[in-house]
Amino acid sequence: ERRYPFTRMGQEEVLRDAFTRAQNYRAEWAAYHAAVAKGAKDLVPPRRDLALDPLVQVLEGKRIVNVHSYRADEILMMVNLARDFGFHVLIQHGLEAYKIASEIAAAGDGVSTFVDSWGYKIEAEDAIPYNVAILMRHGVVVTINSDDDGRASRLNVDAAKEMRYGGL
């Protein structure tokens, strides 16, 4: 049996709904605190929602959102959603981020990506060795990462590859 959401549009709707509820939840608490500050007595505070508390922290800039995605369409959806709700994202992997480098730069978001891990699954098919260079030339803050301790120990080799592929 399939669970909702099972489309990318459905995933966006779930996220937008959650952040909208978090905005409303934050407004309820702000109104409560304002009333208490003005001397109101016997007020019942809003019900605490442990699912929305972390999202409020995101909206207030107290929590960083790490987005794990390879594909440009998914990354762009999250960049736009974050812009609409007033927070920033750090894109993890982002092998197709070069396709939307201008949009990522305009949003002030960052990318943490691989140097040369591509083609190993469908989401990595459009990865190119110039991803980091293109992003940096658009003004995106980029870091190089690895999901593997062995690769992380060869960061100097990855840096050399970026010098070769993109002239960094």
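# Exercises on a predicted model

Histidine 68 has its place in strand β1, where strands (E, at least two residues) and helices (H or I, at least four) are DSSP runs numbered from the N terminus. The model is a predicted one, in which local features need pLDDT of at least 70 and side-chain atom pairs count only at pLDDT 80 or more, while totals for chains, interfaces and linings use all residues. Residues are numbered from 1 along each chain as its sequence is written, and side-chain values use heavy atoms, with hydrogens and water left out.

## Exercise 1: two histidines

Task: Starting from histidine 68, find which residues it touches beyond four places in sequence, and then describe the setting of histidine 93.

Solution. Begin with contact, which means heavy atoms within 4.5 Å. With residues up to four places away in sequence not counted, histidine 68 touches Gln92 and His93. A backbone distance can be added here, since the C-alpha atoms of histidine 68 and isoleucine 91 are separated by 6.1 Å, although these two residues are 23 residues apart along the chain.

Next, turn to histidine 93, which lies in strand β2. Its relative accessible area is 3%, and histidine 93 is therefore buried; buried means under 20% relative accessible area, exposed over 50% and partly exposed in between, with a 1.4 Å probe and protein chains only. Leaving aside neighbours within four places in sequence, histidine 93 is in contact with His68, Ser69, Tyr70, Ser112, Thr113, Phe114, Asn145 and Asp147. Finally, look at the backbone of histidine 93, where phi is positive at about 80° although the residue is not a glycine.

## Exercise 2: a helix pair

Task: Determine how helix α1 and helix α3 pack, and which residues in them meet.

Solution. First take the geometry: α1 (residues 8-37) and α3 (residues 72-85) pack at an angle of about 15°, with their axes 11 Å apart. Axes are lines fitted to C-alpha atoms, for helices over the stretch in contact, and angles run from 0 to 180 degrees between N-to-C directions. The two helices are therefore roughly parallel to each other, a term for angles under 35 degrees, with those over 145 counting as roughly antiparallel, 65 to 115 as roughly perpendicular and the rest as oblique.

Then list the partners. From α1 come Arg8, Glu12, Leu15, Arg16, Phe19, Thr20 and Gln23, and they meet Asp73, Glu74, Met77, Met78, Asn80, Leu81, Asp84 and Phe85 in α3. The residues of this contact divide into six nonpolar, three polar and six charged.

Last, examine one member of the list, glutamate 12 of helix α1, which touches Met77 and Leu81 when residues up to four places away in sequence are not counted. Because its relative accessibility is 25%, glutamate 12 counts as partly exposed.

## Exercise 3: the nonpolar cores

Task: Describe the largest nonpolar core and say which elements supply it.

Solution. A nonpolar core is a set of buried Ala, Val, Leu, Ile, Met, Phe, Trp, Tyr and Cys residues joined through side-chain atoms within 4.5 Å. The largest one has 32 residues, and those with the most contacts inside it are Phe19, Phe87, Val89, Ile104 and Leu135. At least two residues of this core come from each of α1, α2 (53-59), β1 (65-69), α3, β2 (89-93), α4 (101-107) and α5 (131-137), and α3 gives the most, with eight residues. A second, separate core of five residues includes Tyr70, Phe114, Ala124 and Ala127.

To see one centre of contacts, take leucine 135, which touches Ala97, Tyr98, Ala101, Ile104, Val111, Val140 and Val142, not counting residues up to four places away in sequence.

## Exercise 4: positions in loops

Task: Are aspartate 42 and glycine 119 buried or exposed?

Solution. Aspartate 42 has its place in the loop between α1 and α2, and at 79% relative accessibility it counts as exposed. Its phi is near 55°, a positive value in a residue other than glycine. Glycine 119 lies in the loop between β3 (110-113) and α5 and is likewise exposed, with a relative accessible area of 53%. Even so, glycine 119 touches Ala124 and Glu125, not counting residues up to four places away in sequence.

Key
Ala, Val, Leu, Ile, Met, Phe, Trp, Tyr, Cys and Pro count as nonpolar, Asp, Glu, Lys and Arg as charged, and the others, Gly among them, as polar.
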